[in-house]
Protein chains: 2
Amino acid sequence: MSDVPESDAPESDARESGAPSERTRVKRYHRLAHYDSATIHAVLDAMPVCNVAYVHEGRPIVTPTLQWRDGDRIYWHGSAASRMIRAVAGQEVCVTVSLIDGLVLARSAYNYNINHRSVMIFGKAEVVTDPDQKKAQLQRFVDGLIPGQWDRLRPVKAQELKATTVLSLPITEASAKVRTGQPEDEAEDYAFPAWAGVVPVRLVVDPPVADPRNLPGVEMPPEVRAFKIG
Amino acid sequence: MSDVPESDAPESDARESGAPSERTRVKRYHRLAHYDSATIHAVLDAMPVCNVAYVHEGRPIVTPTLQWRDGDRIYWHGSAASRMIRAVAGQEVCVTVSLIDGLVLARSAYNYNINHRSVMIFGKAEVVTDPDQKKAQLQRFVDGLIPGQWDRLRPVKAQELKATTVLSLPITEASAKVRTGQPEDEAEDYAFPAWAGVVPVRLVVDPPVADPRNLPGVEMPPEVRAFKIG
Ligand SMILES: Cc1cc2nc3c(=O)[nH]c(=O)nc-3n(C[C@H](O)[C@H](O)[C@H](O)COP(=O)(O)OP(=O)(O)OC[C@H]3O[C@@H](n4cnc5c(N)ncnc54)[C@H](O)[C@@H]3O)c2cc1C
Ligand SMILES: Cc1cc2nc3c(=O)[nH]c(=O)nc-3n(C[C@H](O)[C@H](O)[C@H](O)COP(=O)(O)OP(=O)(O)OC[C@H]3O[C@@H](n4cnc5c(N)ncnc54)[C@H](O)[C@@H]3O)c2cc1C
Ligand code: HEM
Ligand code: HEM
């Protein structure tokens, strides 16, 4: 799409491109590809919403869910009775996380684009079977959003933990695609008098709204303001 | 999860729930379900980013993409050579669109939640084969983001249209889930002195940034400010 044709020649194999495997090698717009943990982790940490795809009775299903990261793994949770949770345990999944950072207005419709950050991970989802590990990961999920919050809450009950399944996926077969900046028009199109530019988009966190049913005298912990997204 | 047990009793079948089919009937948290076009269309129109899931060589893949809507169908586009585009043509897909509207802090970790709007659509993806219809849909995509922009751009070339595939999916087997408002704690937990509330999250559009390579005297069309998301 850009006027840099040499960068559009696909690398001949996964090793040369830096991709961890053949199926994770970015082919389209591969100049936007990143395979390093720093880039991949930064995207995962910026956006808890993920999309978990699986095959169910031969058909594709994708479920929006929340993920959190611990080192080289992502985790997600749900009801032990949920279709998604039951269907993915031990099975092949593909998980994406993506953020839209802006609309990119080019001089031709063909070169319109968006600025974005995204990650795609392939692998087999694993159930966290050890109860202590499961509890520790749920605590990590809560405290990762609001530091220290777990210990301020009504303690978790055994039956609640039992009703909850936590899944995990190694961030091994993973790739990121990141686009920033202005459009890349064809060389000759820079002479066309259309306005080009970027309209930036971002997520903001507004001031917390207290539950009217809060007990009198219960103050908001200052850590609630640490919640970040995007 | 809430203290309203009767609303947790699943409806016995799709017809009773209002779902268009058995596989689109929301089971978990089904009190958040909506099956009417107005709700479904509003979610689709608020968020161009979607996730398209398909089965490729027996395995699930989900690809973040942009969708736009025309009446009772969604559309998306990509390279005629793209793996996703080639794999989904005529095949079963599942497409989700979702927005996160806030983090919901309950009095127990178990009842933490997020406010969100989401849509899930099932069906067979269809290629838009008629060249005029394909062009008209691409124009709709561009003009839907920035009114009248198509006609301001360097005219689209025949070879660009040829390199582009547009897919469509009827919004027939579709469901929405929408959550708003404060946490729903267990009745007895309202006596627990933890702060509860909502931290709202929203997408904002920042002022446009002109491409430094714009021709002198080329002004930004005021319609660029019409771009909305969220
Ligand atoms: C928010 C958003 C919107 C997008 N909108 C569009 C659109 O409208 N049209 C369009 O054609 N494309 C869009 N893309 C890019 C899209 O996700 C695919 O990268 C692209 O469609 C090529 O698909 P493919 O199956 O041919 O990928 P290939 O390049 O063949 O994929 C090979 C491998 O590359 C990696 N990979 C591919 N895509 C991504 C990704 N997005 N993030 C991380 N790794 C990836 C995976 O490991 C994958 O297995 C969008 C991406 C984002 C994040
Ligand atoms: C941003 C976001 C984050 C979420 N985070 C979590 C999480 O962390 N843990 C968790 O368990 N769930 C989460 N959910 C809800 C999740 O999407 C599923 O609804 C839930 O996991 C139940 O899955 P299931 O397969 O058991 O659904 P079922 O209720 O069995 O699904 C049956 C049918 O209901 C409809 N349906 C299901 N989910 C949705 C949906 N989200 N939108 C529209 N229609 C739907 C579909 O037609 C589906 O085929 C999140 C949803 C959103 C939008
Ligand atoms: C940051 C903390 C948490 C957040 C943001 C969160 C969010 C969510 C969301 C969005 C859902 C889906 C609801 C729906 O289907 O619409 C969900 C379901 C669920 N969560 Fe959590 N959760 C959190 C912590 C926990 C913890 C700590 C537990 C267990 C102790 C738990 C147990 C469950 C269970 C069992 C379900 C499934 C409910 C059902 O389908 O009936 N969650 N959660
Ligand atoms: C609002 C307008 C548009 C937006 C926001 C947009 C956005 C995008 C994005 C995000 C991609 C993926 C790039 C990547 O893989 O990283 C893409 C690919 C593509 N777009 Fe568009 N697009 C728009 C209009 C068009 C139009 C009008 C055409 C054709 C005339 C077109 C043709 C293509 C083609 C062929 C690809 C695939 C490129 C490749 O994989 O090599 N786009 N577009």
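**Ligand sites and symmetry in a predicted two-chain model**

In chain B of this predicted model, Glu57(B) is placed in the loop that runs between strand E2 (49–56) and strand E3 (59–66). Although Glu57(B) is not a glycine, its phi is positive, at about 50°. Most residues other than glycine have a negative phi. With a relative accessibility of 73%, Glu57(B) counts as exposed, the threshold for that class being over 50%. The corresponding description holds for chain A, where Glu57(A) is found in the loop between strand E2 (49–56) and strand E3 (59–66), has a positive phi near 50° despite being a residue other than glycine, and is classed as exposed because its relative accessibility is 73%.

The two chains are related by a rotation of 180° with 0.0 Å of shift along the rotation axis, an operation that superposes chain B on chain A with an RMSD of 0.0 Å. This is therefore the relation of a two-fold axis. Within chain B, the C-alpha nearest the axis belongs to Leu203(B), at 2.2 Å from it. The contact between the chains uses the same surface in both copies, in that 100% of the contact residues of chain B recur in chain A.

Ligand 4 lies between chains A and B. Of the 23 residues around ligand 4, those that come nearest are Arg28(A), Tyr112(A), Asn113(A) and Lys177(A), together with His77(B). The iron atom of ligand 4 has a single donor from the protein, the NE2 atom of His77(B), at a distance of 2.1 Å, and His77(B) itself lies in strand E5 (residues 73–79) of chain B. A polar side-chain atom of His77(B) is also placed 2.9 Å from a nitrogen atom of ligand 4. From chain A, Arg28(A) brings a polar side-chain atom to 2.8 Å from an oxygen atom of ligand 4, and an N or O atom in the side chain of Lys177(A) is likewise 2.8 Å from an oxygen atom of this ligand.

In terms of secondary structure, the shell around ligand 4 receives at least two residues from each of strand E7 (113–124) of chain A and, in chain B, strand E5 and helix H4 (131–145). The largest share, 4 residues, comes from H4(B). Sorted by class, the shell around ligand 4 contains 16 nonpolar, 5 polar and 2 charged residues.

Ligand 3 also lies between chains A and B. Here the residues that come nearest, of the 23 around the ligand, are His77(A) and Phe141(A) from one chain and Arg28(B), Asn113(B) and Lys177(B) from the other. The only protein donor of the iron atom of ligand 3 is His77(A), through NE2 at 2.1 Å, and His77(A) is part of strand E5 of chain A.

Three polar contacts of ligand 3 can be described with the residues already named. A polar side-chain atom of His77(A) lies 2.9 Å from a nitrogen atom of the ligand, an N or O atom in the side chain of Arg28(B) is 2.9 Å from an oxygen atom of ligand 3, and a polar side-chain atom of Lys177(B) lies 2.8 Å from an oxygen atom of ligand 3. Two or more residues of the shell are given by each of strand E5 (73–79) and helix H4 (131–145) of chain A, and by strand E7 (113–124) of chain B. Helix H4(A) provides the largest share of this shell, 4 residues, and the composition of the shell around ligand 3 by class is 16 nonpolar, 5 polar and 2 charged residues.

A further position concerns a loop of chain A and its surroundings. Ser108(A) lies in the loop between strand E6 (92–105) and strand E7 of chain A, and E7 of chain A is also among the elements that supply at least two residues to the shell around ligand 4. With a relative accessible area of 0%, Ser108(A) is buried, since that class covers values under 20%. When residues up to four places away in sequence are not counted, Ser108(A) touches Asp185(A) and Asp189(A) in chain A as well as Leu153(B) and Arg154(B) in chain B.

Technical notes
Residues are numbered from 1 along each chain as its sequence is written. Chains are lettered from A and ligands numbered from 1 in the order in which they are written. This is a predicted model: local features need pLDDT of at least 70, side-chain atom pairs count only at pLDDT 80 or more; totals for chains, interfaces and linings use all residues. Side-chain values use heavy atoms; hydrogens and water are left out. Donors are N, O and S atoms within 2.8 Å of the metal (3.2 Å for Na, K and Ca); water is not among the atoms, so sites may look incomplete. Copies are superposed by least squares on the C-alpha atoms of residues with pLDDT of at least 70 in both. Contact means heavy atoms within 4.5 Å. A residue is near a molecule or strand if one of its heavy atoms lies within 4 Å of it. A polar contact is a pair of N or O atoms within 3.5 Å; within protein, one must be able to donate a hydrogen and the other to accept it, and residues adjacent in sequence count only if both atoms are side-chain atoms. Ala, Val, Leu, Ile, Met, Phe, Trp, Tyr, Cys and Pro count as nonpolar, Asp, Glu, Lys and Arg as charged, and the others, Gly among them, as polar. Buried means under 20% relative accessible area, exposed over 50%, partly exposed in between (1.4 Å probe, protein chains only).
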